[in-house]
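User: I'd like a close look at one small part of this model, with the overall layout first so I can place it. Could you walk me through it?

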Amino acid sequence: MLDVMNGNRTAIIRQLLFKVGSVAFGLVFALIGAFRELFASVEPELDDDRQLHDSDLSGELNHRTGRLDSGTDPYGWYDRA
């Protein structure tokens, strides 16, 4: 009789460990997916692609960006001349 009870207890423990392991495995994959989406959505800011007419050496002060540019930024605002 004790042999049958020990067998049931072992089976219950095995099922519990399997369920806990499955949940942990799923959580690890969810975290990996979340980190992958987080790092893939980050876009580096590149200032190297600025044109010569948008350089900081000449032009009008664009108060939106805080830089000198050619005065053609449609969303920028400039001092009235």
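What pattern does the chain follow, read along the sequence? And once that's clear, please zoom in on Asp73 and what its side chain reaches.

Analyst: Sure. Keep in mind that this is a predicted model. Read along the sequence, the chain goes α-β-β, so to speak a short list: 1 helix and 2 strands. Buried residues account for just 9% of the 81 residues. The chain exposes about 7600 Å², with 63% of that coming from carbon and sulfur atoms. As for contacts between residues at least 6 apart in sequence, 0% of them join residues at least 24 apart.

Now to Asp73. You'll find it in the segment after strand S2, which spans 67-69. Asp73 counts as buried because its relative accessible area is 17%, and the cut-off for buried is under 20%.

Its side chain has several polar partners. One is the side chain of Asn62, in a polar contact at 2.9 Å. Another is the backbone nitrogen of Tyr75, which the Asp73 side chain reaches at 3.2 Å. Then there is Arg64, whose side chain makes a polar contact with the side chain of Asp73 at 2.5 Å.

That Arg64 pairing is also a salt bridge, with the closest N and O atoms 2.5 Å apart. Side chains of opposite charge can pair when their charged atoms come close. A search of the whole structure turns up 1 salt bridge, so Arg64 and Asp73 are the pair to look at, since their N and O atoms fall within the 4 Å cut-off.

What about the other end of the bridge? Arg64 sits in the loop between strand S1 (60-62) and S2. Unlike buried Asp73, Arg64 is partly exposed, because its relative accessible area of 43% lies between the 20% and 50% cut-offs. So the bridge joins a buried residue to a partly exposed one.

The wider surroundings fill in the picture. Leaving out residues up to four places away in sequence, Asp73 touches Asn62, Arg64, Thr65 and Tyr78. With its own neighbours within four places set aside, Arg64 is in contact with Asp73, Tyr75, Gly76 and Trp77. Tyr75 therefore turns up twice: its backbone nitrogen is reached by the Asp73 side chain, and it is in contact with Arg64 within the 4.5 Å cut-off. Computed along the chain, so to say, Arg64 and Tyr75 are 11 residues apart, and their C-alpha atoms are 7.7 Å apart in space.

Technical notes: Residues numbered from 1 in each chain as written. Predicted model: local features only at pLDDT ≥ 70, side-chain atom pairs only at ≥ 80, totals over all residues. Heavy atoms only, no water. Helix = DSSP H or I, 4+ residues; strand = E, 2+ residues; numbered from the N terminus. Buried < 20%, exposed > 50% of the residue type's maximum accessible area, 1.4 Å probe, protein only. Polar contact = N/O pair within 3.5 Å; in protein donor to acceptor, adjacent residues only side chain to side chain. Areas by Shrake-Rupley, 256 points an atom, 1.4 Å probe, with all protein chains shown as cover. Salt bridge = Lys/Arg side-chain N within 4 Å of Asp/Glu carboxyl O.
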